[in-house]
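Biologist: Could you take me through one part of this model up close, and then show me how that part sits in the rest of the chain? I'm new to this, so plain words please.

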Amino acid sequence: EALVAALDEVNPDRPKVRRYMLCIRFLYIIAATLVGTAAVFKAVSVTGIFLAFYAMFFSCLLCCLSCPTPLESTRMHFIQYFGFMYNGFGRLLFVMMLSIMLIDFGILGWVAIGFLVFASLTHIILECSYGGLVKREFKR
């Protein structure tokens with residue numbers, strides 16, 4: 001408690017950035033849910049099973065990386081294998097690749113693309129505005 005208060009005194013933007021990151025995480029979780037739902041609907045056709053499998057995997061990845069993980073070993077595992085998601089450019093490439101795949105998923109895919117792009121661009125704008133503080137809060 002005292003450490004958090006001391007950090008807030010050193011950087012007065014920290015509480016505001018924490019609220020922003022909570023909203024960004026919420027947007028990413030909504031987008032992951034929409035991607036997963038669109039994948040389930042796409043999997044009903046035989047040709048859509050392959051894309052649906054990848055969309056479900058990416059949805060789970062997005063959800064896991066957006067939720068704060070309580071264990072340090074789990075967090076380090078994610079950073080080791082999916083470190084590109086903690087970088088603005090890598091996350092943008094991931095979202096672009098996922099968006100191209102979601103175009104084929106119908107109207108729900110387009111809605112998921114909207115949420116993904118909005119969350120990613122907002123995240124990048126916050127990273128540019130607040131720098132390392134956003135990166136530290138997102139890795140928490």
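**A close look at one buried serine and its surroundings**

Modeller: Let's start with Ser120, which counts as buried because its relative accessibility is 1%, and the cut-off for buried is under 20%. Keep in mind that this is a predicted model. Ser120 sits in helix H6. Setting aside residues up to four places away in sequence, Ser120 touches Tyr28, Arg91 and Val95.

How sure is the predictor about this region? Helix H6 has the highest confidence in the protein chain, with a mean of 86, while helix H1 (residues 2-10) has the lowest, at 52. Over the protein chain the mean pLDDT is 77, and 79% of the residues reach 70 or more. Where pLDDT is low, the predicted coordinates should not be read in detail.

Now zoom out for a moment. The protein chain has 7 helices and 0 strands, so if you follow the elements from the N terminus on, you read α-α-α-α-α-α-α. Of the 140 residues in the protein chain, 39% are buried. Among contacts with a separation of 6 or more, 68% are between residues 24 or more positions apart. The accessible surface of the protein chain is about 8200 Å², and carbon and sulfur atoms account for 74% of that.

Next, the core. In soluble globular proteins, nonpolar side chains tend to be buried together. Here the largest nonpolar core has 32 residues, and Val35, Leu62, Leu65, Phe94, Leu98, Leu102 and Leu116 have the most contacts inside it. Helices H2 (14-42), H3, H5 and H6 (106-130) each supply at least two residues of this core. The biggest giver is H2, with 11 residues.

Val35 is a good residue to click on here. Val35 lies in helix H2, and its relative accessibility is 0%, so it counts as buried. Leaving aside neighbours within four places in sequence, Val35 is in contact with Ala55, Ser59, Leu98, Leu102, Ala112 and Leu116. You can also look at Val35 and Gly109: they are 74 residues apart along the chain, yet their C-alpha atoms are separated by 6.6 Å.

One of those partners, Ser59, is another serine to check. Ser59 is found in helix H3 and counts as buried, at 8% relative accessibility. Apart from neighbours within four places in sequence, the contacts of Ser59 are Ala32, Thr33, Val35 and Gly36.

Back on helix H6, have a look at Trp110. Trp110 is partly exposed, with a relative accessible area of 48%. The C-alpha atoms of Trp110 and Leu34 are 9.6 Å apart, although the two residues are 76 residues apart along the chain.

Then there are the aromatic rings. A pair of aromatic rings is described by the distance of the centres and the angle of the planes. This structure holds 5 aromatic pairs. Take Tyr54 and Phe58: their ring centres are 6.2 Å apart and their planes are at 35 degrees, so this pair is tilted. Tyr54 and Phe58 are 4 residues apart in helix H3 (residues 49-66), which puts about one helical turn between them. Tyr54 is partly exposed, at a relative accessible area of 35%, whereas Phe58 counts as buried, at 12% relative accessibility.

Phe58 also pairs with Phe94: the ring centres are 5.4 Å apart and the planes are at 90 degrees, so that pair is edge-to-face. Phe58 lies in helix H3 and Phe94 in helix H5 (residues 88-102), so the pair ties together parts that are 36 residues apart in sequence. Both Phe58 and Phe94 are buried. Put together, ring pairs link Phe50, Phe53, Tyr54, Phe57, Phe58 and Phe94 into a cluster. Phe94 shows up twice in this story, since it is also among the residues with the most contacts inside the largest nonpolar core.

Last, the cysteines. A search of the whole structure finds 0 disulfides. Cys23 is partly exposed, with a relative accessible area of 48%, and Cys60 is partly exposed too, at 45% relative accessibility.

Terms used. Residues numbered from 1 in each chain as written. Predicted model: local features only at pLDDT ≥ 70, side-chain atom pairs only at ≥ 80, totals over all residues. Heavy atoms only, no water. Phe/Tyr/Trp six-rings, centres within 6.5 Å; stacked < 30°, edge-to-face > 60°. Buried < 20%, exposed > 50% of the residue type's maximum accessible area, 1.4 Å probe, protein only. Disulfide = S-S within 2.5 Å. Core = buried A, V, L, I, M, F, W, Y, C linked by side-chain atoms within 4.5 Å. Contact = heavy atoms within 4.5 Å. Areas by Shrake-Rupley, 256 points an atom, 1.4 Å probe, with all protein chains shown as cover. pLDDT = per-residue confidence, 0-100.
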